[in-house]
Amino acid sequence: MLDGILQGLSTAASPVNLLMVFVGCFAGTFIGMLPGLGPISAIALMIPITYGFDPATGMILMAGVYYGAIFGGSTSAILINAPGVAGTVATAFDGYPLAKQGHAGKALAIAAYSSFSGGTIAAIFLLFAAPALASVSLSFQSADYFALMVLGLTAVSAFAGKGKFLVAVLMTLFGLMLSTIGTDQTAGLQRFTFGSLDLIDGISFLLLAMATFALSEALMVVLKPEKVSQEAEDATKGKLGSMKVSREEVKDLAPVVGRSSVLGFFIGVLPGAGATIASFLAYGMERSFASAKEKLKFGKGSLRGLAAPETANNAACSGSFVPLLTLGIPGSGTTAVMLGALISYGVQPGPRLFVEQPAVFWSVIISMYIGNIILLVLNLPLIPYIARLLALPKKILTPLILFFSLIGVYLVSFNTFDIHIMVIVAILAIIFRLINFPLAPMLLGFILGGMMEDNLRRALAISDGELSFLWERPITASILAITVIVLLAPLIQNIIDVRRRRALKVNDGEG
Amino acid sequence: MTLSKEKAGALCFLVLAIAYGMEARHIPLFPGDELEPFTARTMPIALSWLTGIVSFLLLVLPQREETDDIFSVFRGLNWGKTFVLIALMVFYGLTLSPLGFLLSTALFLIGGIYALGERRWSVILLSSVPATVGFWFILDKLLGIYLAPGEIFTMLGAN
């Protein structure tokens, strides 16, 4: 392991890769700061640029963008109450009131220190958890992989939010359906191409990611314009106040950061959970730990309420790399895009990655830590200047984002048919956004679809067409048992809620 | 009668599942594939069944809470500008080969910025033309990605 770490360190610390972390963090912060554009868009926009790079450099750039986008999302959440990323919604609960009270600088500093601490603690966990899980998963077979993918997709749906389970399952299935378009990789037969030569290779993941996130998010900004507040204008002019944090405040926040890092990391490791759930859970946990007096401050500018979600969302970002790097299964929309990027570099993430390409494996982990340092040392002092970029008029920025998205996909295939497919997918994505059908499960389903089909085919071939492969191996059976629990959890929750509501109604009637 | 957005979405997915399932049955097979446990049709047919079942469940199960009527979510939005941008993207796709990268991109950006309300031509031209030329320079000259000149120019050159 030490050899690997040193190898990763030497790769990540090469001047080119250090530059990539810096560029990634900076670009990510800027894109994440723009309301409406999240880390998925930020990473998707970077993919065409990274095609010519070697895999380690490409991944390092994207990891930097990921961190930067989360940090940028926090900045816009604090300054203008417009979280660019779902994972920073909880940051706005207390960050924005602090900014309104004239403490924007302090809120940003606490957000940056908390993110740094959360990211650092989680990177250390990752250092130990990833190789351990990778060595266990070396014994995995097709049946286990199939079961794991079913678990991943089910978990994404289960964590989609109250009452959204079936909707998320539908979107996952839609993603799986889209993945069947094109030539069947094993049989070489065409499926759903309708005789079109342009569809023989199927839909590229980059096209889908760009159209569903970058394009549709940019169009949504036009479709549903948000009013710019006075605070936003102040923020863009760089009026942030002092960034100093007192020793007492650091002392008060240290245990919050510790707790939230652990929680965030483990939530991040769970497939489907990710930064958003981690940040809300950490916020809730801190509120329940707080004294009665402190509890009253939550939502009105509590420093604890700001530090907890900020720490947890960064820790969860690191955590979400564990299933991606060790099992090759992404746990979130963002890591799904990264998986797609890795595959397009010719790198197959999974347990073999750790053995066959330790430089990629370790340098990504090390670069996360470097990314955290860069965010703290360089981005924080630059925030007043980066915030001014928010003042760039939307009427110029939006066509530029649309152009970058379209040309990014075109430059990979040099086929204008892709641009038209992107337009169709973007229109569909807008409709899904308007009716509140989540898009991340679709992307995850699409990326896992091909792998899932291959593993199912192989497992069935090995078991002579019998479904017994589902329960013959203890690993497969255990993973499927967890899947069933995850699948039933929302249902049970639903039944409990209905009973509770009925009981309340009966009580009200009696009262 | 009103239809909630969730139910309307489920109805669309039910129709999609049926159409997808019907099309899945037309996927060609190799001779002898009927004896195989897994063919090119297996996954699509399974997906069509699953999607059908889930969308049907969503359609018939009672909703947890009242959601907006499907038509209300499309009202009060800035559709005009959005449609113009969509049309411009289609136009960009159609003109990229005949007009070439430089001209089509500049036209797309000029059209987009104008459509979003900017009327000062100095601002429009200063934000679109340098961006187009700068990006072309990075791609073509620095990164060595060949961007073919428009077919129209090739034709003019040939004549």
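What radius of gyration does chain B have, and what would a compact globule of 159 residues have? Chain B has 25 Å, whereas a compact globule of that length would have a value near 15 Å. The model on screen is predicted.

**Stop 1: chain B alone**

Hide chain A and colour chain B by secondary structure. Chain B shows 5 helices and 0 strands, in the order α-α-α-α-α along the sequence. Turn the view along the principal axes: the C-alpha atoms occupy a box of roughly 60 × 50 × 30 Å. Of the 159 residues in chain B, 40% are buried. Among the contacts of chain B with a separation of 6 or more, 62% link residues 24 or more positions apart.

**Stop 2: the interface**

Bring chain A back and select the residues where the two chains touch. The selection should hold 64 residues from chain B and 60 residues from chain A. Together the chains bury about 5,500 Å², with 82% of that area on carbon and sulfur atoms. Polar links can be picked out next: the interface has 5 residue pairs in polar contact, both partners at pLDDT 80 or more.

Now keep only the chain B side. Four helices of chain B each supply at least two residues to the side that touches chain A: H1 (5–24), H2 (42–60), H3 (79–115) and H4 (121–142). H3(B) gives the largest share, 18 residues. Coloured by class, this side of chain B has 45 nonpolar, 13 polar and 6 charged residues.

**Stop 3: salt bridges between the chains**

How many salt bridges are there between chain B and chain A? The count is 2.

For one of them, select Lys164(A) and Glu6(B). Their closest N and O atoms are 3.4 Å apart.

For another, select Glu118(B) and Lys395(A), where the closest N and O atoms are 3.8 Å apart. This pair joins two chains, because Glu118(B) sits in the loop between H3 and H4 of chain B and Lys395(A) in helix H19 (residues 394–413) of chain A. The two ends differ in exposure: Glu118(B) is buried at 3% relative accessibility, while Lys395(A) is partly exposed at 28%. Stay on Glu118(B) and add Arg120(B) to the selection. These two side chains also form a salt bridge, at 2.8 Å from N to O.

**Stop 4: a salt-bridge network in chain A**

Over all chains the count comes to 14 salt bridges. To see several linked together, select Asp184(A), Arg191(A), Glu453(A) and Arg457(A), which are joined in a network of salt bridges. Within this network, Asp184(A) pairs with Arg191(A), with the closest N and O atoms 3.9 Å apart. Both Asp184(A) and Arg191(A) are buried.

**Stop 5: Thr91(A)**

Move to helix H5 (residues 89–100) of chain A and select Thr91(A). Is Thr91(A) buried or exposed? Thr91(A) has a relative accessible area of 0%, so the residue counts as buried. Show side chains and draw a distance to Glu310(A): the side chains of Thr91(A) and Glu310(A) make a polar contact at 2.8 Å. Beyond four places in sequence, the residues that Thr91(A) touches include Ser74(A), Ala77(A), Ile78(A), Tyr96(A), Leu306(A), Pro309(A) and Asn313(A).

**Stop 6: Thr29(A)**

Next select Thr29(A), in helix H2 (residues 15–33) of chain A. Thr29(A) is buried, with 0% relative accessibility. A polar atom of the Thr29(A) side chain lies 2.5 Å from the backbone oxygen of Cys25(A). Expand the selection to residues in contact, leaving aside neighbours within four places in sequence. Among them are Gly68(A), Ala69(A), Phe71(A) and Gly72(A), and also Leu375(A), Asn379(A), Ile383(A) and Ile386(A).

**Stop 7: Phe417(A)**

Finish in helix H20 (residues 416–434) of chain A, at Phe417(A). Phe417(A) is partly exposed, with a relative accessible area of 23%. Which residues does Phe417(A) touch, not counting those up to four places away in sequence? They are Ser196(A), Asp198(A) and Leu199(A). Draw a line between the C-alpha atoms of Phe417(A) and Asp198(A): the two are 219 residues apart along the chain, and the line should read 7.1 Å.

Notes: Residues are numbered from 1 along each chain as its sequence is written. Chains are lettered from A and ligands numbered from 1 in the order in which they are written. This is a predicted model: local features need pLDDT of at least 70, side-chain atom pairs count only at pLDDT 80 or more; totals for chains, interfaces and linings use all residues. Side-chain values use heavy atoms; hydrogens and water are left out. Contact means heavy atoms within 4.5 Å. Buried area is the accessible area (1.4 Å probe) that two parts lose on being put together, summed over both. A salt bridge is a side-chain nitrogen of Lys or Arg within 4 Å of a carboxyl oxygen of Asp or Glu. A polar contact is a pair of N or O atoms within 3.5 Å; within protein, one must be able to donate a hydrogen and the other to accept it, and residues adjacent in sequence count only if both atoms are side-chain atoms. Ala, Val, Leu, Ile, Met, Phe, Trp, Tyr, Cys and Pro count as nonpolar, Asp, Glu, Lys and Arg as charged, and the others, Gly among them, as polar. The radius of gyration is taken over C-alpha atoms; the globule rule is 2.2 Å times the number of residues to the power 0.38. Buried means under 20% relative accessible area, exposed over 50%, partly exposed in between (1.4 Å probe, protein chains only).
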